[in-house]
Structures are given as structure tokens and as C-alpha cells.
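Thank you all for coming. I would like to walk through one structure this morning, going slowly enough that anyone who has not seen it before can follow along on the screen.

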Amino acid sequence: MEFMGIRDRGGIIEKNVENAIISHLQKFLLEMGKGFCFVDRQMHICTETSDFYIDLVFYNYILKCFVLIDLKTHKLTHQDIGQMDMYIRMFDDLKKQEDDNPTIGIIFCTDKDETIVKYSVLNESEQIFASKYMTVLPTVEELRAELERNQLLYGIENHE
């Protein structure tokens with residue numbers, strides 16, 4: 001998020017992150033990868049009694065699927081995961097065309113608890129992903145520590 005000018009000053013607001021992404025849409029799309037097209041922001045979907053707004057909606061013409069992004073300025077919760085699961089199910093039912101692949105949901109959050117990931121639908125889902133974002137690039141030492149933590153967590157041997 002640093003390339004968009006977002007700095008953690010003790011309270012990032014989701015709307016500010018969303019506005020920064022829209023203001024730097026070309027850079028954001030390049031960071032996401034190939035084939036992404038912007039569809040909408042704050043896309044309104046509703047049930048009989050409730051209204052919901054998906055932060056950002058993209059279509060990937062290579063994957064042939066919609067990609068929903070939910071921005072969170074807090075640690076990932078099971079409620080966030082459930083919300084994205086519902087968005088994907090509703091989107092697949094209401095918006096996806098027959099020749100589209102299943103919708104993908106990405107939750108951008110400031111932190112995530114691996115236990116919540118392990119015991120939620122994120123564990124085996126091929127449609128929902130949570131990604132931790134940083135407002136500034138980490139130092140070399142921080143990157144090294146994170147790599148070592150992930151190697152231990154996933155049982156990967158270090159081959160330096």
C-alpha cells in the first residue's frame with residue numbers, strides 16, 4: 001500500500017484505502033497481476049431485507065471470473081470470512097454468467113490469525129483468500145524473520 005501513499009498513522013480508515021486504490025487504479029491493477037479490469041466500487045447487492053456493498057469488484061479476463069475485494073483495516077475475523085463467503089455466493093447466483101468461472105474473493109486485512117484461517121472456510125476454499133497488507137515496506141530483518149516464521153509454520157526447510 002506504500003506506493004499509493006497510505007501510511008499507518010494509528011488508524012487507517014477503509015474508505016481512505018479504497019479512495020487511494022481508485023486514485024492509483026493503474027498501479028493497483030499492475031500490482032494485482034495480468035488480466036484485471038475494474039468493474040465497480042461499493043457495488044450494491046441486496047437480500048429481501050438487507051443491503052450490502054462490496055468494496056471493489058474486478059473482472060479477470062484471463063481467469064474468466066469476477067474478483068471481489070473486501071478491505072479491512074483490522075485483523076481478520078471469522079465475521080469477515082463469513083461476509084466474503086456470502087458475497088461470493090450471492091455474486092455467483094446474481095451476477096456470474098454461464099461461461100464465467102466461480103467468483104474469487106480477496107480480503108485485504110492488516111493482520112490474520114492462522115488459527116482462524118485453519119478452522120474457517122479459508123482453509124480449504126479455492127474461492128476465498130485473505131492477504132495481509134502493509135502500509136510500508138518491511139526492513140530486510142523483518143522480511144527475514146517473517147520468512148523464517150512461515151518456514152517453521154509450514155515445515156519448510158531452509159536451504160541457504
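Let me begin with Phe-38, whose bridge partner in β2 is Phe-58. Please keep in mind throughout that what we are looking at is a predicted model. The two strands concerned, β1 and β2, pair in the antiparallel sense over nine bridges, and they form a hairpin in which four residues lie between them. Phe-38 and Phe-58 also belong, together with Phe-36, to one aromatic cluster.

If we move to the other pairing of β2, we find five bridges joining β2 to β3, and these two strands again run antiparallel. Here Leu-56 stands opposite Ile-69 in β3. This pairing is a hairpin too, with four residues between the strands, and in its turn Lys-64 has a positive phi of about 55°. As for how covered β2 is, eight of its 10 residues are buried, and the strand can fairly be called mostly covered.

Let me step back for a moment to the overall layout. The protein contains five helices and five strands, and when it is read along the sequence the pattern is α-α-β-β-β-α-β-α-β-α. Of its 160 residues, 34% are buried. The protein exposes about 10200 Å², of which carbon and sulfur atoms supply 51%. Among the contacts with a separation of 6 or more, 56% are accounted for by residues 24 or more positions apart.

Now to the interior. Which residues touch the most other members of the largest nonpolar core? That core has 18 residues, and the ones in question are Ile-54, Val-57, Leu-68, Met-84, Tyr-87 and Phe-91. The elements that contribute two or more residues to this core are β1, β2, β3, α3 and β4, and the largest share, six residues, comes from α3. To take one member in detail, Met-84 touches Leu-68, Ile-69, Asp-70, Gly-105, Ile-106, Ile-107 and Ile-128, if we leave aside residues up to four places away in sequence. There is also a second, separate core of 15 residues, and it includes Phe-28, Leu-56, Phe-58 and Ile-69, so that we meet again Leu-56 and Ile-69, the residues that stand opposite each other in β2 and β3.

The aromatic residues deserve a closer look, and the structure holds five aromatic pairs. In the pair formed by Phe-52 and Tyr-87, the ring centres are 6.3 Å apart and the planes stand at 70°, so this pair is edge-to-face. Phe-52 sits in strand β2 and Tyr-87 in helix α3, 35 residues apart, and the pair thus links distant parts of the chain. Is Tyr-87 buried or exposed? Its relative accessible area is 2%, and because the cut-off for buried is under 20%, Tyr-87 counts as buried. A further pair is made by Phe-66 and Phe-91, whose ring centres are 4.9 Å apart with planes at 70°, so this one is edge-to-face as well. Since Phe-66 lies in strand β3 and Phe-91 in helix α3, the pair ties together parts that are 25 residues apart in sequence. Both Phe-66 and Phe-91 are buried.

While we are on helix α3, I would point out Asp-80, which is found there. Asp-80 is buried, with a relative accessible area of 5%, and, again leaving aside residues up to four places away in sequence, it touches Lys-72, His-74, Lys-75 and Ile-107.

Let me finish with helix α2, which covers residues 25-32 and in which Leu-25, Phe-28 and Leu-29 are buried. Why do these buried residues line one face of the helix? Seen down the axis of α2, they fall within an arc of 100°, so they share one face. As a general point, an α-helix has 3.6 residues a turn, so residues three or four places apart point the same way. The face of α2 turned away from this buried side carries Gln-26, Leu-30 and Glu-31, which are exposed. Just after α2, Gly-33 takes a positive phi of about 125°. Of the buried residues in α2, Phe-28 is one we have already met, as part of the second core.

Technical notes
Residues numbered from 1 in each chain as written. Predicted model: local features only at pLDDT ≥ 70, side-chain atom pairs only at ≥ 80, totals over all residues. Heavy atoms only, no water. Core = buried A, V, L, I, M, F, W, Y, C linked by side-chain atoms within 4.5 Å. Buried < 20%, exposed > 50% of the residue type's maximum accessible area, 1.4 Å probe, protein only. Contact = heavy atoms within 4.5 Å. Arc of directions from axis to C-beta. Phe/Tyr/Trp six-rings, centres within 6.5 Å; stacked < 30°, edge-to-face > 60°. Areas by Shrake-Rupley, 256 points an atom, 1.4 Å probe, with all protein chains shown as cover. Pairing = 2+ DSSP bridges.
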